[in-house]
Amino acid sequence: MAREAQLVGAPDLPAMGVEAEIEHRKPGRRPLDGRSLFATTFTVLLLALFLSPLLRTVSLSLKSADQITTIGAPIWPADPGTFEYEGDTLDVYLVPLPDGTTRELALFDPGRQESGFIDPAAPDAGVITWQGSWRALEQPWEFAPQWGNFGEVWTRINFPRLMLNTILLALIGGIGTIVSCTLVAYGFARFRFPGRGILFLLLLSTIFLPAAVTLIPTYRIFVELGWVGTWLPLLVPAFFANAYDVFLLRQYFMTIPRELDDAAKIDGAGPLRILLSVIVPQAWPVIIAVAVFHLVYSWNLYFEPLIYLSTAPDLHPLSLGLSKFNDIYGSEPQYIQAATLMTIVIPVVIFFFAQRAFMRGIVITGVEK
Amino acid sequence: MAIVELARDEPPKRNSRFSLAQREAGWGFLFITPWIFGFLTLTLAPVIATFTFTFFNLRLNQQTPVRFVGLDNYAAMLGDARMWDALLVTLRFAAIALPVGLILPFSLALLLNSKYVRGSRYIQTFFFMPYIIPFVAALFAWGSMLNAEQGWLNGMLTWFGIQGPDWLNDPAWVYPGLVVIGLWGIGSAMIINMAGLQNVPTELYDAARVDGAGFWGQLRHVTLPMMSPVIFYSLTLGLVGVLQYFLVPLVLNSGTGRPAGATYFFNIYIYNTFWSFGNMSYGATLAWFLFVVILLTTLILFWSARYWVYYAGENK
């Protein structure tokens with residue numbers, strides 16, 4: 001195996017493939033001393049800072065437009081307090097009373113010099129007259145998440161459509177990527193043929209090729225084929241394999257003992273049978289990694305849909321839809337943030353299910369050098 | 001090899017016109033056909049076509065007859081102040097984004113790998129998680145954080161008595177702002193660095209300690225040399241990426257280069273030349289120029305690697 005790896009110019013990965021775990025080299029549990037406490041707290045604070053935009057997104061997505069434009073409003077979703085009195089909705093204010101206490105009273109009869117208030121705790125007691133300008137008073141805020149923001153986004157941008165498009169693109173393209181990359185990786189990992197080393201190097205070097213240098217003719221080709229305005233320019237290339245996933249799969253395939261191939265060969269299995277009955281069943285973790293990579297890629301699709309689907313908004317995926325939504329409703333951040341949250345929810349959930357396979361895949365491609 | 005030995009035991013196939021090696025090669029080529037086809041049609045042919053375009057006067061909507069213009073496009077490009085500005089913008093951004101993209105994941109990996117941090121396995125998962133968030137979503141989340149009045153970042157700065165800038169609308173602060181927007185992408189570099197750190201043999205640290213090396217000494221004489229392949233990998237891919245940086249400014253400012261042309265990156269110029277001005281040939285020339293710049297920097301990096309990248313187990 002080591003010899004073959006050198007043949008194609010990539011350094012061998014010592015036991016990196018199958019068992020590449022992000023192991024923590026730590027001597028057993030030690031008592032939590034001052035240094036550990038400090039270091040752990042510091043790291044967690046750093047993490048909180050790192051994830052704080054997510055918290056802000058959640059908070060903004062649940063706010064009302066009124067709250068966002070009100071200066072001094074709390075950072076959590078809230079509404080100024082109100083009180084129902086004789087069929088009217090009254091605003092509640094924090095009223096400092098002559099006896100030094102402050103009480104929450106509902107404004108019943110606003111006036112310039114003095115105003116009438118109702119005590120929500122004892123509405124039957126009648127109007128309390130208070131001297132001073134009510135405009136200077138502050139309002140108490142009550143926790144009031146605007147769940148309706150999500151429903152609003154759902155209908156305003158035809159969110160179900162965008163979501164369905166993205167899922168379909170991820171599924172079809174994912175199948176194309178997995179099938180083509182598995183075949184190509186199997187070819188590079190298990191068969192000797194003239195020029196293999198150079199071809200593999202050529203494959204890897206495409207990573208360094210700037211997209212701009214192929215874009216213009218590729219666009220012309222798709223125009224000539226009549227594919228602009230369809231998903232084909234986004235999907236068809238996925239069926240022709242890509243360097244990252246082929247590399248990842250090949251590295252993994254090479255760690256699968258050849259003895260297993262040989263045993264199947266004795267049973268009369270051909271190359272395709274060996275791939276399907278020996279290699280693929282062993283390689284599930286890395287195939288899952290490729291699937292998740294493609295899912296992330298599909299959710300990120302922006303540029304290709306932008307140029308190829310400009311005339312077909314019904315075919316747009318989420319990322320492009322989200323940016324178009326921002327162009328239209330940029331002045332209503334609660335909707336933008338709600339749409340942002342709705343866009344990321346599926347990848348985030350899938351990540352937590354597949355994170356081990358995913359992160360291991362990154363480590364394998366990353367050790368390429 | 002096992003296959004050859006095994007084949008000897010097999011009864012010879014009578015009708016086979018090809019040798020075993022030829023048949024193996026045939027299967028190999030068959031399996032890699034999808035990539036070969038894709039490479040020829042979607043990579044090689046377009047690259048050649050782009051190169052050819054640079055010698056003509058092609059436009060998206062061709063009005064004038066197509067004609068061979070020789071090196072006119074190249075001459076125009078070298079005298080194009082806008083091109084140099086765009087290149088300068090890109091390099092200026094790279095000068096900030098690249099070091100951050102190297103140092104931050106490395107330091108984070110160092111921290112998470114430290115024996116003093118408890119539960120780092122869980123913390124690491126959460127540091128990695130935003131990596132999967134689509135860049136448009138990350139842009140809106142961080143863009144909102146960077147808002148001059150309402151954003152939390154400036155809010156936090158006021159705790160320390162600092163009046164934060166208007167990040168994305170100030171030419172002096174827009175690059176740090178863009179780097180901040182890209183922060184959620186560090187996850188993959190972080191875990192690659194962690195894997196690298198865990199591959200450093202413990203004995204080397206023990207030996208360094210015996211020689212009296214403290215934290216910085218070990219970092220300088222053990223960690224950094226042993227990590228140089230990972231650093232090289234991150235640097236190379238980071239450089240290739242940053243020279244093509246373009247999607248975030250495209251979404252943020254629709255390719256206008258606001259504020260004051262500070263986000264008029266090289267790729268934005270290519271994009272505008274092609275899609276807004278419809279000038280295919282000039283766009284191709286710019287793209288080819290970018291390709292050469294990337295190729296040269298990559299080659300220089302690979303050449304320099306022999307002086308600073310240490311591969312364990314390699315004989316010199």
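This passage describes the predicted model of a complex of chain A and chain B, from confidence through interface to local backbone features. Residues are numbered from 1 along each chain as its sequence is written, and chains are lettered from A and ligands numbered from 1 in the order in which they are written. Because the model is predicted, local features need pLDDT of at least 70 and side-chain atom pairs count only at pLDDT 80 or more, while totals for chains, interfaces and linings use all residues.

The predictor assigns the complex an ipTM of 0.84 and a pTM of 0.83. For chain B, the mean pLDDT (the predictor's confidence in each residue, from 0 to 100) is 88, and 93% of the residues reach 70 or more. Helices (DSSP runs of H or I, at least four residues) and strands (runs of E, at least two) are numbered from the N terminus. Among the elements of chain B, the highest mean pLDDT, 95, belongs to helix 4, and the lowest, 44, to helix 1 (residues 2-9). Over residues 1-12 of chain B, pLDDT stays under 50, and the model has 6 contacts beyond four places in sequence for this segment. Where pLDDT is low, predicted coordinates should not be read in detail.

Two residues are in contact if their C-beta atoms, placed from the backbone, lie within 7 Å. The contact between the chains takes 81 residues from chain A and 73 residues from chain B. On the side of chain A that touches chain B, at least two residues each come from several helices, including helix 5 (159-190), helix 12 (284-300) and helix 15 (333-366). Helix 2 of chain A gives the most to this side, with 15 residues. By residue type, the side of chain A that touches chain B comprises 48 nonpolar, 20 polar and 13 charged residues; Ala, Val, Leu, Ile, Met, Phe, Trp, Tyr, Cys and Pro count as nonpolar, Asp, Glu, Lys and Arg as charged, and the others, Gly among them, as polar.

In helix 5 (residues 120-128) of chain B, B:S120, B:Q124, B:F127 and B:F128 are buried, a term for residues with 20 or more other C-beta atoms within 10 Å of their own (exposed, 12 or fewer; partly exposed, in between; C-beta atoms placed from the backbone). Seen down the axis of helix 5 of chain B, the buried residues fall within an arc of 95°, so they line one face of the helix; the arc is that of the directions from the helix axis to the C-beta atoms. Their cover includes helix 2 and helix 15 of chain A, together with helix 4 (81-113) and helix 9 (187-198) of chain B.

The domain assignment of chain A, automatic or from a database, gives domain 1 (82-139) and domain 2 (150-366). Their centres, taken over C-alpha atoms, are separated by 61 Å. Strand 2 (residues 82-85) and strand 3 (residues 88-96) of chain A run antiparallel and are joined by 4 bridges, pairing being defined by at least two DSSP bridges. A:F83 stands opposite A:L90 in strand 3. The hairpin of these strands has 2 residues between them, and A:E86 takes a positive phi near 50°.

Most residues other than glycine have a negative phi, and most peptide bonds are trans. A:N158, in the loop between helix 4 (148-156) and helix 5 of chain A, has a positive phi of about 50° and counts as partly exposed, with 15 C-beta neighbours inside 10 Å. The loop between helix 12 (247-253) and helix 13 (266-276) of chain B holds B:P259, which a cis peptide bond with omega of about -10° joins to B:R258. B:S254 lies in the loop between helix 12 and helix 13 of chain B; its phi is positive, near 45°, and with 12 C-beta neighbours inside 10 Å B:S254 counts as exposed.
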